Amino acid sequence: MNNLLPVDGEAVLYPALFTREESDRYLQLLQETINWKQEPVTLFGKTVMQPRLTAWYGDEGKAYSYSGITMHPQPWTDALLAIKARVEAAAGHEFNSALMNFYRNGQDSMGWHRDNESSLGLNPVIGSVSFGAVREFQFRHYMNRSLKRAVLLTHGSVLIMAGATQHFWQHALPKTAKPLGARINITFRKIC
């Protein structure tokens, strides 16, 4: 597998780790069974509603804090454990939690950020699974903003980010005016 980043990190895409049939089934199941919420976050001193729905699942006691909110884990479902096992095999890494994002349409988004919270450890490995509408995922170097990369995250794809990626690269999922259907993203992590 080729590294998508030219310097300072590792990002590898598995474009079809899950079959179309598996991906269709998981997209529907997760929409119907996950306890989705839309929560306020504080960005640059201003509180706004997140432009997507979220959920946090994981091992007991593995809370996660970002942008002024703390999420406490809901217990793993059988579907999430099955997805996690497949992603762990691809990543060669074990995960104990999952941040889930439900992008209802092209107007739901995620702004520029790094997953560099101290609770994730020094060089976190993140396994990002996508089910549903194809979206463009963007990277930009934190210190050299002109250094950018973009990749299409397809139905059933898995993106593994590792090494120094979260120190040196920001990532985002921008809004689009294209009429898109639903997309669910699961980012598996290991909370220290």
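## Asp8, before the first strand

At 34% relative accessibility, Asp8 counts as partly exposed, a class that runs between buried (under 20% relative accessible area) and exposed (over 50%), found with a 1.4 Å probe on protein chains only. This is a predicted model, in which local features need pLDDT of at least 70 and side-chain atom pairs count only at pLDDT 80 or more, while totals for chains, interfaces and linings use all residues. Residues are numbered from 1 along each chain as its sequence is written, and side-chain values use heavy atoms, with hydrogens and water left out.

Asp8 lies in the segment before β1. Helices (H or I, at least four residues) and strands (E, at least two) are DSSP runs numbered from the N terminus. The phi angle of Asp8 is near 60°, which is a positive value in a residue other than glycine.

## Leu13, in strand β1

Strand β1 covers residues 10–14, and Leu13 is one of them. Is Leu13 buried or exposed? Its relative accessible area is 17%, so Leu13 is buried.

Contact means heavy atoms within 4.5 Å. Apart from residues up to four places away in sequence, Leu13 touches Met1 and Leu4, then Val151, Leu152 and Leu153, and also Ser157, Val158 and Leu159. Asp108 stands 95 residues from Leu13 along the chain, and the C-alpha atoms of Leu13 and Asp108 are separated by 22 Å.

## The nonpolar cores

A nonpolar core is a set of buried Ala, Val, Leu, Ile, Met, Phe, Trp, Tyr and Cys residues joined through side-chain atoms within 4.5 Å. How many residues does the largest nonpolar core have? The largest nonpolar core has 27 residues, and Leu30, Ile83 and Ile186 are those with the most contacts inside it. Two or more residues of this core come from each of two helices, α1 (20–33) and α2 (78–91), and from the strands β4 (53–58), β7 (97–103), β9 (126–132), β12 (157–162) and β14 (183–189). With 4 residues, α2 gives the most to this core.

Not counting residues up to four places away in sequence, Ile186 touches Leu30, Leu80 and Ile83, together with Ala98, Leu99 and Met100. Gly127, Ser128, Val129 and Phe131 are also touched by Ile186. Another core, of 14 residues, lies apart from the largest one, and Met110, Leu159, Trp169 and Leu173 are among its members.

## Asn101, in strand β7

Asn101 has its place in strand β7. With a relative accessible area of 2%, Asn101 is buried. A polar contact is a pair of N or O atoms within 3.5 Å; within protein, one must be able to donate a hydrogen and the other to accept it, and residues adjacent in sequence count only if both atoms are side-chain atoms. The side chains of Asn101 and Arg52 make a polar contact of 3.0 Å.

Arg52 also appears in the list of residues in contact with Asn101, which leaves aside neighbours within four places in sequence. The others in that list are Trp36, Leu53, Thr54, Met110, Arg183, Ile184 and Asn185.

## Gln170, in strand β13

Gln170 is found in strand β13. Its relative accessibility is 8%, so Gln170 counts as buried. Which side chain is joined to that of Gln170 by a polar contact of 2.7 Å? That side chain belongs to Arg140.

Neighbours within four places in sequence aside, Gln170 is in contact with Trp112, His113 and Arg114, and with Gln138, Phe139 and Arg140. Tyr142 and Arg145 are in contact with Gln170 as well.
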